[in-house]
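Me: Please take a close look at one part of this structure, the pocket, and then carry on to the ligand and its surroundings. I would like a single connected account.

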Amino acid sequence: MTLDVTHEFPLTSDLIYLNHAAVGVWSRRTAEAVRAFAHENMIQGATDYPAWMQVEDALRQQLKTLLHAPHSDDIALLKNTSEGLSIIAYGMDWQAGDNIVIAQQEFPSNRIVWESLASQGVQVRLADVSEDDPEAALLACCDARTRLLSVSSVQYGHGLRMDLQRLGAFCQQHGIFFCVDAIQSLGALDIDVQAIHADALIADAHKWLLGPEGIAVFYINQAWRERLTLRQFGWHMVEQVGDFDAQDWIPAHSARRFEAGSLNMLGIHALHAALSLTLELGMPHIERMLLERSFALMDMVMDDPKLELLSPTAWQRTSGIVSFRVLDYDIRAHQHLYESLMHAKVICAHRAGGIRFAPHFYTPYACFDTAWERLHSCLND
Ligand SMILES: Cc1ncc(COP(=O)(O)O)c(C=O)c1O
């Protein structure tokens with residue numbers, strides 16, 4: 001499939017955008033969909049609301065395809081990843097003495113929510129996933145009282161890609177809820193919720209999916225959907241949605257039961273447009289293009305005597321995140337370097353003890369050479 005990448009991603013010419021692990025870039029078609037939606041709202045409000053609902057339905061189908069989910073009924077549209085994790089944390093029926101296993105290096109959203117259950121007597125066990133066999137570290141923390149294992153498909157700091165299939169198979173075998181925070185991989189790496197035996201998978205749109213903030217996909221498998229206690233209620237989450245005169249109600253049988261009220265229609269239009277590009281190209285193609293770029297960046301880091309690569313180099317461990325540190329630099333010096341890079345228009349992040357570069361499949365290779373020139377002039381300043 002050929003795509004005019006420069007047409008879809010007309011980034012400001014001197015900007016080197018390597019920050020998709022924080023907030024991604026919108027494609028032209030996404031920006032145009034938002035512009036058209038804004039214009040429509042201005043001239044005729046919600047006159048064509050049924051057409052908006054068709055876009056919503058189409059988005060659910062796109063997400064089903066993206067996740068290889070059995071059915072679009074398994075998918076809810078939420079605000080963000082943190083909301084999805086909270087729905088699970090407060091939907092499960094905990095008993096004092098239960099435990100939850102997560103990685104020590106997790107992003108705060110995927111730790112705080114579990115720690116918040118301490119008042120119910122639930123213990124959080126932290127596995128150090130920085131060693132050779134990160135899955136073994138997680139599984140070693142599990143015992144007969146483990147009710148849930150929650151993991152980021154890709155760790156936000158150094159980009160470690162987890163073997164989700166191995167974790168999911170173990171959880172399935174031991175009756176442990178397998179929760180995947182996929183915000184650092186969805187749209188970057190192909191993922192199949194059935195193959196990995198995910199009970200739930202959540203991801204906001206604003207990173208690798210190249211969509212806006214404030215709209216997230218929440219996959220919940222059918223077996224668990226009706227077992228989670230609902231904590232949010234409203235007109236939208238009932239089975240007979242739209243029947244405003246009905247006095248009786250039951251929660252929707254589909255994952256819509258987790259969508260309390262009006263959805264983020266603007267976000268829906270944007271994400272729908274963003275995903276049309278993703279699906280047109282296909283995830284295997286996007287993943288290959290991205291990993292080739294990550295390897296090119298990793299080679300540049302490894303060839304640079306001033307730098308130490310923090311990201312794993314094995315193919316099955318690699319993601320869109322390439323992190324490195326400058327030898328002999330402390331945290332303050334890295335913060336200063338990050339600020340200098342941003343000033344030099346190399347858009348990146350300072351995370352987990354280093355500088356995090358995160359290109360996407362469309363990033364021109366020439367950007368890497370420019371990033372290196374600017375990095376070295378920052379280092380020599
Ligand atoms: C692994 C991980 N989980 C969750 C989040 C936050 O997601 P949200 O803002 O959608 O709740 C981030 C953001 O950087 C992240 O890297």
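Reply: In sorting residues by character, Ala, Val, Leu, Ile, Met, Phe, Trp, Tyr, Cys and Pro count as nonpolar, Asp, Glu, Lys and Arg count as charged, and the others, Gly among them, count as polar. The model is a predicted one, and on that scheme the lining of its largest pocket divides into 8 nonpolar, 5 polar and 5 charged residues. The space within this largest pocket comes to about 330 Å³, and of the 18 residues that line the pocket, those closest to its centre are Glu56, Asp57, Arg60, His236 and Arg256. Helix α3, which spans residues 49-67, gives the most to this lining, with 6 residues.

Turning to the ligand, the residues around it are Asn80, Thr81, Ser82, Phe107, Ser109, Ser152, Tyr156, Asp181, Ile183, Gln184, Asp204 and Lys207, a shell that divides into 3 nonpolar, 6 polar and 3 charged residues. Three of these side chains can be described through their N or O atoms: that of Ser82 places such an atom 2.5 Å from an oxygen atom of the ligand, that of Lys207 has one at 2.6 Å from a ligand oxygen, and for the side chain of Asp204 the corresponding distance to an oxygen atom of the ligand is 2.7 Å. Taken alone, the ligand exposes 400 Å², and the protein buries 87% of that area.

Methods
Residues numbered from 1 in each chain as written. Predicted model: local features only at pLDDT ≥ 70, side-chain atom pairs only at ≥ 80, totals over all residues. Heavy atoms only, no water. 1 Å grid on protein atoms, 1.4 Å probe; cavity = no way out; pocket = protein on both sides within 12 Å on 5 of 7 lines; lining within 4 Å. Points joined across faces, edges and corners; volume = space filled by probe spheres on them. Helix = DSSP H or I, 4+ residues; strand = E, 2+ residues; numbered from the N terminus. Near = heavy atom within 4 Å. Polar contact = N/O pair within 3.5 Å; in protein donor to acceptor, adjacent residues only side chain to side chain. Areas by Shrake-Rupley, 256 points an atom, 1.4 Å probe, with all protein chains shown as cover.
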